[in-house]
Amino acid sequence: TIRWANRIGFEDSGNPFQSDYTARTGLYVDHVLTSRIALNVGGTYSYSAIKGVGGNQFKGDRQTITGTVGGRYLINRHFTVFANYTYTRVLNEVSWGDYAVNAVWLGTSYYF
């Protein structure tokens, strides 16, 4: 399965003195290898124009690039285990600078 998602508009910045207008696109591929094993890979890119509101005249840009890879294994008809790795790189023109995040997700699901 191939999914392509796009979104553009205002997003909640978490800061009452800041407005974020963001364009985001992402491409994801899910592939079933066997009846028990499935893999996924994907990535997103977003660009945010950040502007201060009220008396705050701050302006800046932020770009975010995210890549993810993972898989799941069906143990039986009730239990599934999964693992995902995600790398996120944030490039800021704004004062808090650039940073990167590595995240690993491990889990299990029970279906009834």
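Tutor: A salt bridge, in the sense used here, is a side-chain nitrogen of Lys or Arg within 4 Å of a carboxyl oxygen of Asp or Glu. The model we are discussing is predicted, and a search of the whole structure finds 4 salt bridges.

Student: What makes the contact between Arg-3 and Asp-30 a salt bridge?

Tutor: The N to O distance between the side chains of Arg-3 and Asp-30 is 3.3 Å, and since the cut-off is within 4 Å, the contact qualifies as a salt bridge. Arg-3 lies in strand β1 and Asp-30 in strand β2, so this pair ties together parts that are 27 residues apart in sequence.

Student: Why are Asp-20 and Arg-62 each called buried?

Tutor: Buried means under 20% relative accessible area; Asp-20 has 4% and Arg-62 has 16%, so both values satisfy the criterion. The side chains of these two residues meet in a salt bridge at 2.8 Å, N to O, and because Asp-20 lies in strand β2 while Arg-62 lies in strand β4, the pair ties together parts that are 42 residues apart in sequence.

Student: How many aromatic pairs does a search of the whole structure find, and why is the pair of Phe-10 and Tyr-21 called edge-to-face?

Tutor: The search finds 3 aromatic pairs. For Phe-10 and Tyr-21 the ring centres are 4.9 Å apart and the planes stand at 70°; centres within 6.5 Å make a pair and planes over 60 degrees apart count as edge-to-face, so the name follows from both values. Phe-10 belongs to strand β1 and Tyr-21 to strand β2, 11 residues apart.

Student: Is Phe-10 buried or exposed, and how do you know?

Tutor: Its relative accessible area is 65%, and because exposed means over 50%, Phe-10 is exposed. Tyr-21, at 36%, counts as partly exposed, because this value falls between the 20% and 50% limits.

Student: Why, then, is the pair of Phe-79 and Tyr-110 called tilted?

Tutor: The ring centres of Phe-79 and Tyr-110 are 5.0 Å apart and the planes are at 55°, which is neither under 30 degrees nor over 60, so the pair is tilted. Phe-79 lies in strand β5 and Tyr-110 in strand β6, so the pair ties together parts that are 31 residues apart in sequence. Phe-79, Tyr-110 and Phe-112 form one aromatic cluster.

Student: How do you know that β5 and β6 are paired strands?

Tutor: Pairing requires at least two bridges, and 12 bridges join β5 to β6, which run antiparallel, so the requirement is met. Among the residues involved, Thr-80 has Ser-109 in β6 as its bridge partner.

Methods
Residues are numbered from 1 along each chain as its sequence is written. This is a predicted model: local features need pLDDT of at least 70, side-chain atom pairs count only at pLDDT 80 or more; totals for chains, interfaces and linings use all residues. Side-chain values use heavy atoms; hydrogens and water are left out. Rings of Phe, Tyr and Trp (its six-membered ring) pair if their centres lie within 6.5 Å; planes under 30 degrees apart count as stacked, over 60 as edge-to-face and the rest as tilted. Helices (H or I, at least four residues) and strands (E, at least two) are DSSP runs, numbered from the N terminus. Buried means under 20% relative accessible area, exposed over 50%, partly exposed in between (1.4 Å probe, protein chains only).
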